[in-house]
Structures are given as C-alpha cells and as structure tokens.
Amino acid sequence: MSTREDVRRWDVEHVWHPFSQMAEYAETEPLVVVRAEGRTLIDDGGRRLFDATSALWCNLFGHRVPEIDAAVADQLGRVAHSTLLGATHPPAAELARRLVEVAPPGLTHVFFSDDGATAVEAALKIAFQHRLLTRGPAAASRATYLSFENAYHGDTLGAAAVGGVALFHETLRPLLMPAIKVASPYCYRCPIGRTPDDCPLHRAEQVEEALARAEGNVCAVVLEPGVQAAAGMLVHPEGFLTRVAESCRRHGALLVLDEVATGFGRTGTLFACQREGVTPDLLCLAKGLTGGYLPLAATLATDAVYRVFLGRYEEYRHFFHGHTYTGNPLGCAAALATLRLLDAETLAGVDRKAALLREALAPLAAHPHVGEVRQIGLMCGVELVRDRASRAPFAPGERVGYRLCLSLRDRGVYIRPLGDVIVLMPALNSTDDELRHLSGALRAALGERFGA
Ligand SMILES: Cc1ncc(COP(=O)(O)O)c(C=O)c1O
C-alpha cells in the first residue's frame with residue numbers, strides 16, 4: 001500500500017502531466033484527488049473542493065451517481081471488453097440506437113471511438129473518403145477542410161490541423177495538413193474591429209467567401225456550434241451556425257459539428273445545434289457521453305454519408321479506421337445510464353441554473369480586471385485583463401489566472417483556467433448553493449488578489 005508521500009513523490013518523478021509546465025508543476029503542491037462525493041472532490045488531506053470544471057468538462061451529474069455506478073457494475077458482471085471489429089455486443093447496439101433517437105433527425109449511423117480528438121479524426125477521414133468515393137481521386141487530391149480561428153478539436157494531428165488556437169497548434173504547423181482558416185466572431189477582441197450589429201463575421205460572410213474561393217474543394221467545414229470552448233468560451237451570435245450550414249449546402253461541403261464540449265445539455269439543449277435546428281452531416285461526441293465516467297466517443301453520420309461507403313467487399317469502399325477499445329461495453333453501459341438521466345426535467349433545470357449563475361456572476365462585470373463575462377447555458381468564461389479600457393492582457397509570466405485558481409482552492413473551489421480566462425463548467429445537477437458558493441468564491445478571490 002502506497003503512502004500519501006509515495007504518491008506525491010512518484011507523481012512528480014514519473015507522471016508527465018498534459019498541458020503542464022512540469023518545472024512549475026514540480027514546485028507546487030499537487031492536488032491529489034482520492035475520492036469524490038457528488039460534485040465535490042476530496043484530496044489526500046481530506047480537503048473538499050467543488051469541481052467547477054466537471055473533471056475537465058465531462059462529468060454531468062457529479063461522481064458516484066448510483067444509476068451510472070449500477071450500470072457499469074452490472075456490465076462488469078457480464079463482459080468488460082469485447083471488440084466491435086466484426087462482432088458486436090448489446091450495450092453498443094442499444095447505445096447507437098439511443099443516440100440516433102436523441103440526435104438531430106437524419107443522423108442514423110454511429111461510429112464509436114474513445115476521445116474527443118478521435119471522434120473528430122474519424123469525421124475528418126470520413127469526409128475525405130466521402131469526397132474520394134463520390135468525386136474520384138482527382139477531386140480528392142484537391143480536397144481540403146475549412147475551420148475557424150480559435151477552434152479547438154483535440155490534439156491528434158488531424159484534429160490539430162483544423163484547430164486554431166495559436167498557442168497549442170503553431171508549434172506543430174510543419175506537420176499539419178493544410179486547412180483553410182477563417183476568422184470566428186470573437187466580439188470582445190473583434191479581429192476586424194467591428195461592432196456586433198455591423199459585423200460580417202456575425203453573418204458568416206467569411207465562410208461563404210472562403211468556400212466560394214475554394215471552388216468546391218472544401219470537403220468539410222468543421223465547427224464547434226454555439227461556443228468555442230477551449231478558446232476561452234467564445235460564444236457565437238445566434239444565427240451563425242445556420243448561416244454556416246447554408247454555406248456548406250451551397251458549396252457541397254459536409255458540415256462537421258464538434259459537440260465534444262457542448263453536447264449533453266451543457267448549453268441547455270441536449271446538443272447545441274438543436275438551438276438552431278441544424279442537422280450536420282457528421283456530429284462528434286465525447287466527454288459527457290458517459291457522464292464523465294469512461295473514455296468513449298461517437299461520430300454520428302447521416303444515411304446519405306453512410307451509404308456512400310457501401311459496396312462489394314472487393315471495391316474496398318469500407319472505412320478503414322478503428323481503435324482497439326472502440327465501443328467499449330463498460331463505456332456504452334455508462335452512456336446508456338447517462339442518457340436515461342438526461343431527461344427534459346434535467347435540461348429545463350440547466351436553463352434555470354444558468355440564469356442563477358448569470359445573476360450571481362453579474363457583479364463581476366464591474367471589476368476593474370474583468371474584461372468580459374461570457375456564458376451560454378452552464379458554460380462560462382471570465383476573461384481577466386490588466387487594463388479594462390484598452391483590453392490589454394496580463395503578461396503570460398504573471399500567471400494571473402493560474403494563481404487566482406490556486407487561491408480558489410483555499411475557498412473550496414477547483415478550477416483549471418485557460419490562460420487568463422477563468423472557465424466555469426459546473427455539473428448539470430449542481431445545487432443553487434454550490435453555484436452561489438462558486439461565484440462568491442470567485443468574487444472574493446478577485447477581491448483578495450486585486451483589492452477591489
Ligand atoms: C470542442 C472540443 N473538441 C475536441 C476536444 C478534444 O477532446 P479529447 O480531449 O477528449 O480528445 C475538446 C477538448 O476539450 C473540445 O473541447
């Protein structure tokens with residue numbers, strides 16, 4: 001049995017943490033989570049922290065949810081893993097059926113994988129092969145993708161190629177396949193200096209123009225609908241998604257929507273694209289799919305896309321792609337239990353809680369170092385700035401967001417910031433008191449840090 005000190009030592013000596021400067025990590029007190037109750041994490045010293053990140057945006061109903069625990073335990077008593085390569089199992093078939101029932105109409109086929117990035121990767125390859133199968137090798141050799149600045153779709157090379165967060169993706173640029181990038185509407189820092197009422201980006205004109213310039217060579221447009229989460233919760237204007245979808249249809253590009261972050265009720269509807277009644281050709285899901293229990297992802301496709309891949313064996317039209325743990329039965333069982341919990345009442349609760357959180361966070365907007373508070377449903381970003389008038393950011397070395405979040409731990413809240421954007425994504429069943437505590441703690445931490 002390892003001691004508390006063993007774990008801390010072995011962690012620093014051997015674990016290479018994702019998205020972490022390990023020199024800095026080794027110098028700070030690690031958060032060692034040993035248990036959880038509901039939305040509360042409990043560390044190795046018995047400290048209790050409200051998890052405002054939902055275990056990095058995937059936990060929907062907190063931890064040790066009796067219904068999900070029971071579903072996973074029941075499946076464990078049958079079979080923990082069995083392949084989907086040429087075989088199947090009840091949880092995968094039932095989950096595929098259930099996803100098709102709740103997804104936007106027209107998405108009838110489900111390709112399982114393991115993470116958000118793998119769901120996107122599958123969509124990118126499906127879109128390319130669809131182009132090859134429908135238009136032939138010459139057209140496929142010219143095929144490209146269109147995606148957005150500030151977008152984040154995961155860290156595999158394909159997903160990174162359609163990403164647009166400079167800090168994450170520029171280092172790899174020589175390795176990434178070329179993709180057309182267009183500006184996204186980030187009103188607080190508008191890249192073309194317009195106001196929201198008079199902004200061509202709001203009207204998705206850049207998408208229409210880029211597709212026209214590409215003369216039919218874009219096989220897919222890839223978009224996070226409603227909000228670019230990892231960019232710091234950049235909320236898109238209403239109607240933007242609809243206009244992008246219209247441009248895709250006009251120019252013969254498939255629409256790939258990445259709902260890895262926004263899916264499963266975070267924005268108040270089961271999927272964000274349902275807010276505008278848009279059905280994509282391919283829909284990428286992960287994170288909340290299993291309620292935050294197990295790695296499982298899905299890429300949903302329309303019948304029209306799926307049928308293109310059908311043919312005689314020797315035509316080799318199949319989708320040559322897959323992962324060992326694809327459609328893992330334990331993950332599928334967790335997902336089925338999660339979907340049973342995501343009923344209309346839960347979704348209506350998200351709207352009410354989002355309103356409560358909005359009201360509780362409202363006083364922050366006046367703080368001299370808060371540039372903007374952005375929110376859609378229970379996804380929020382509080383952007384900190386050095387100077388409100390000029391919107392000048394803090395120097396990265398000041399580590400303002402990071403330090404603020406460290407101090408929040410002393411107030412019983414765990415948050416992982418994105419640079420100087422404090423990102424809140426509490427679980428859908430957070431109580432009113434937990435949400436008030438979260439916003440109160442944030443206000444107090446800001447007051448302590450800046451004295452205002
Ligand atoms: C919109 C979006 N797509 C894809 C991903 C990648 O998901 P994963 O980390 O599970 O690969 C993320 C992760 O934050 C995301 O927010």
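For sorting residues by character, Ala, Val, Leu, Ile, Met, Phe, Trp, Tyr, Cys and Pro count as nonpolar, Asp, Glu, Lys and Arg as charged, and the others, Gly among them, as polar. On that basis, the shell around the ligand in this predicted model splits into 5 nonpolar, 3 polar and 4 charged residues.

Who sits in that shell? Going along the chain, the ligand's surroundings start with Trp57, followed by Asp115, Gly116 and Ala117. Then come Tyr152, His153 and Gly154, with Glu224 after them. Asp258, Val260, Ala261 and Lys287 round off the set.

Some of these residues also come up in polar contacts with ligand oxygens. Gly116 does so through its backbone, placing an N or O atom 2.8 Å from an oxygen atom of the ligand. Ala117 also works through its backbone, where a polar atom is 2.8 Å from a ligand oxygen. With Lys287 it is the side chain that takes part: one of its polar atoms lies 3.3 Å from an oxygen atom of the ligand. As for burial, the ligand on its own has 390 Å² of accessible area, and the protein covers 84% of it.

Now for the helices. A packed pair is described by the angle between the two axes and the distance between them. Take helix α14 (residues 344-361) and helix α16 (residues 432-450), whose axes come within 9 Å and cross at roughly 25°. Angles under 35 degrees count as roughly parallel, so α14 and α16 are roughly parallel to each other. Their crossing is right-handed.

The other pair is helix α4 (residues 66-76) with helix α13 (residues 329-341), packed at an angle of about 150° with their axes 8 Å apart. Here the cut-off is over 145 degrees for roughly antiparallel, and α4 and α13 are therefore roughly antiparallel to each other. The crossing of α4 past α13 is right-handed.

Key. Residues are numbered from 1 along each chain as its sequence is written. This is a predicted model: local features need pLDDT of at least 70, side-chain atom pairs count only at pLDDT 80 or more; totals for chains, interfaces and linings use all residues. Side-chain values use heavy atoms; hydrogens and water are left out. A residue is near a molecule or strand if one of its heavy atoms lies within 4 Å of it. A polar contact is a pair of N or O atoms within 3.5 Å; within protein, one must be able to donate a hydrogen and the other to accept it, and residues adjacent in sequence count only if both atoms are side-chain atoms. Accessible areas come from the Shrake-Rupley method with a 1.4 Å probe; for residues, only the protein chains shown count as cover. Axes are lines fitted to C-alpha atoms, for helices over the stretch in contact, and angles run from 0 to 180 degrees between N-to-C directions. Helices (H or I, at least four residues) and strands (E, at least two) are DSSP runs, numbered from the N terminus. Angles under 35 degrees count as roughly parallel, over 145 as roughly antiparallel, 65 to 115 as roughly perpendicular and the rest as oblique. A crossing is left-handed if the near helix is turned anticlockwise from the far one by less than a right angle, and right-handed if clockwise.
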